[in-house]
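Hi everyone, thanks for coming. I'd like to walk you through one model this morning, so please have the viewer open.

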Amino acid sequence: MPADVLISGAGPNGLMMACELALAGIKPVILDALPGPGDEPKANGLVGQVIRQLDMRGLYEAFTGDPNAPQPAYGWMFSGLPLNFGGVESNPMRAVLMKQPRLVQLLYDRAQTLGVEVRWGHAVTALSAGPDGVTVDVAAPDGAYVLEADWLVGADGGRSTVRKQSGIGFPGHTSPTVARLAHVCIADELRTPDGGFDVPGFGRIPFGHNRYDTGMVIFFEAHGDPPMLGTLEFGSLPEDAPGELTYDELRQSLRRVLGVDVPFEVPTGPGPFAMRRIDGQNTRQADAYRSGRILLIGDAAHVHSAMGGPGLNLGLQDTLNLGWKLAAVINGWAPAELLDTYESERYPVGERVMMHSLAQIALTAPGPEVRALRTLLGELFELPDTTAHMAGLLAGADVRYDMGGTPHRLTGFMVPEAKLDDGRRLTDLLHHGRGVLLDLAGGGAAEVAVPWDRSVDMVVAAMADGPAAMLIRPDGYVAWAADAFAAADAEDLRAALERWFGPAEISA
């Protein structure tokens, strides 16, 4: 019997997708070529709106041990230029330091708790799709086999087999850069109290990304690991370069950028240690996020520079946007057309991330012209309006979804961080991955929503300075809101419920 959903890839996005589906009673099957949860050092944390969305599933406390709401991050970087969000009202930026292997393990544990089947060492090698489902060829340790499913989700990275096999194009641009990054060991006397690196013959290298006229040097420490040291140079990799990055190659690159020999040693200990080179930075976006019964999320749908850390924010928000919609279609609560809103909502967000990641690469280029541009931007980043704009851009909070119906100041945006009068936070209402109709005016809106009680929770409560009622989608975005609740508002609410949760007679 075909599976409801196959997911190719057990990274953060694939595992989160499986968890979202499992909350709605669907048990997907995940296939991954790796023998177990990956331990390769990649991303070092989470940034932006997705931290609030993890909080909406109760995962922020579970992952960090902090029972409080995620707090704003008051500082960030843009291509190494500092940003101060201390004066931004309703600052949307959030940040959590967490190594990607730990995030994968935590999501894998959650998936197991929810009954998700993960087949490690099983890789999708080919597929064929029809109007009613997908058939995949799988390579496995005990031999190849064929698997059928109603839906296939590609969460298998930038080189996605699912995307390639489905014929979805991946246009974009490759920047002429070579990035090198590795864990290293540095003598204690060369470290500065503020997290920098005092290079003999050159001077202090501050924590973070540092652009010079000859290239960029990256230096940071996190998670108790050895320091990470790297470079970014414009140009092409020499033809005689070794297949993999070596420490000698990193030393030579640092000398080209800084003009001196940089003292460091090979780290010791259990590892694993980062050692990677990126020859040419791809910035690409899939022609479509959906082709019939095939859907793409995360790096399978878009790749870009990691500068500023937007990758997990973008990919996991894809997942939280798609998961509840796919579950609603499979469960018969909503028509298949609901899936069209996944691409229409998320594609523009991917475009904006690619825009600002390309801009950050451009600002690392050598030459006095770029240095002058960075000086000008540094002045602009001190202006309050500019700082607020950058906070929204980098957090992913500045894109408003089209919710249809009568517009309201809240619709299309993530629900505000607020508390009900009984002490509950709005995010607490979304732990089960269902829609929420919040009635703050005495029950009228909740009565309208009763036919949708299979997929929407009705909550009658009170909240200072809130609207009369609002409909919150499972991903935390406000689909409808009204400051009063008259007859016209009731009709708008019914239309919103039908648009996002299907016709009343189907839901009932």
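Let me start with a definition: buried means under 20% relative accessible area, exposed means over 50%, and partly exposed is in between, with a 1.4 Å probe and protein chains only. What you see is a predicted model, where local features need pLDDT of at least 70 and side-chain atom pairs count only at pLDDT 80 or more, while totals for chains, interfaces and linings use all residues. Residues are numbered from 1 along each chain as its sequence is written, and side-chain values use heavy atoms, with hydrogens and water left out.

First, the overall picture. The protein chain has 508 residues, and 53% of them count as buried. Its C-alpha trace spans about 75 × 60 × 40 Å along the principal axes. The radius of gyration is 24 Å, which agrees with the value near 23 Å for a compact globule of 508 residues. For that, the radius is taken over C-alpha atoms, and the globule rule is 2.2 Å times the number of residues to the power 0.38.

On secondary structure, the protein chain has 13 helices and 24 strands. These are DSSP runs, numbered from the N terminus: helices are H or I with at least four residues, strands are E with at least two. From the record, an unreviewed UniProt entry, comes the annotation "domain: FAD-binding" for residues 3-356. UniProt positions are given in the numbering used here, feature names are shortened, and annotations may be inferred rather than shown by experiment. That span is 27% helix and 30% strand, and its end C-alpha atoms lie 39 Å apart.

Now to the strands. Two strands pair if DSSP finds at least two bridges between them. In general, strands of a sheet pair through backbone hydrogen bonds, either parallel or antiparallel.

Please find the open sheet of six strands, in the order 14-15-16-11-17-20, with antiparallel pairing. Strand 14 and strand 20 (302-303) are the edge strands, each pairing on one side only. Is strand 14, residues 208-212, mostly buried or exposed? Four of its five residues are buried, so strand 14 is largely enclosed by the rest of the structure. Strand 14 pairs with strand 15 in the antiparallel sense over five bridges, and the two form a hairpin with two residues between them. To get your bearings, look for Gly-208 opposite Phe-219 in strand 15. On to the next neighbour: strand 15 and strand 16 run antiparallel and are joined by five bridges, with Val-217 opposite Thr-231 in strand 16.

There is another hairpin to look at, made by strand 4 and strand 5 with two residues between them; Ser-79 in the turn has a positive phi of about 55°. Strand 4 (residues 75-78) and strand 5 run antiparallel, with four bridges joining them, and Leu-83 in strand 5 is the bridge partner of Trp-76. Side chains alternate along strand 5 (residues 81-84): Leu-81 and Leu-83 point to one face and are buried, whereas Pro-82 and Asn-84 point to the other and are not.

Next, charges. How many salt bridges does the structure hold? There are 27, counting a side-chain nitrogen of Lys or Arg within 4 Å of a carboxyl oxygen of Asp or Glu.

Take Lys-325 and Glu-345, whose side chains meet at 2.9 Å, N to O. Lys-325 is in helix 7 (residues 311-330) and Glu-345 in helix 8 (residues 340-362), so this pair ties together parts that are 20 residues apart in sequence. Lys-325 is buried at 0% relative accessibility, and Glu-345 is buried at 5%. Salt bridges with shared partners also join Arg-52, Asp-55, Glu-417, Arg-425 and Asp-428 into one network.

Back at strand 14, Arg-211 forms a salt bridge with Asp-213 at 2.8 Å, N to O. Arg-211 is buried, with a relative accessible area of 11%, while Asp-213 is partly exposed at 30%.

Another pair is Glu-221 and Arg-191, also a salt bridge, at 2.8 Å, N to O. Glu-221 sits in the loop between strand 15 (215-220) and strand 16 (228-234), and Arg-191 in the loop between strand 11 (172-183) and strand 12 (197-199), 30 residues apart. Glu-221 is partly exposed at 30% relative accessibility, and Arg-191 is partly exposed at 30% too.

Last stop: Leu-383, in the loop between helix 9 (368-380) and helix 10 (384-395). Leu-383 is partly exposed, with a relative accessible area of 43%.

Thanks, everyone, and over to you for discussion.
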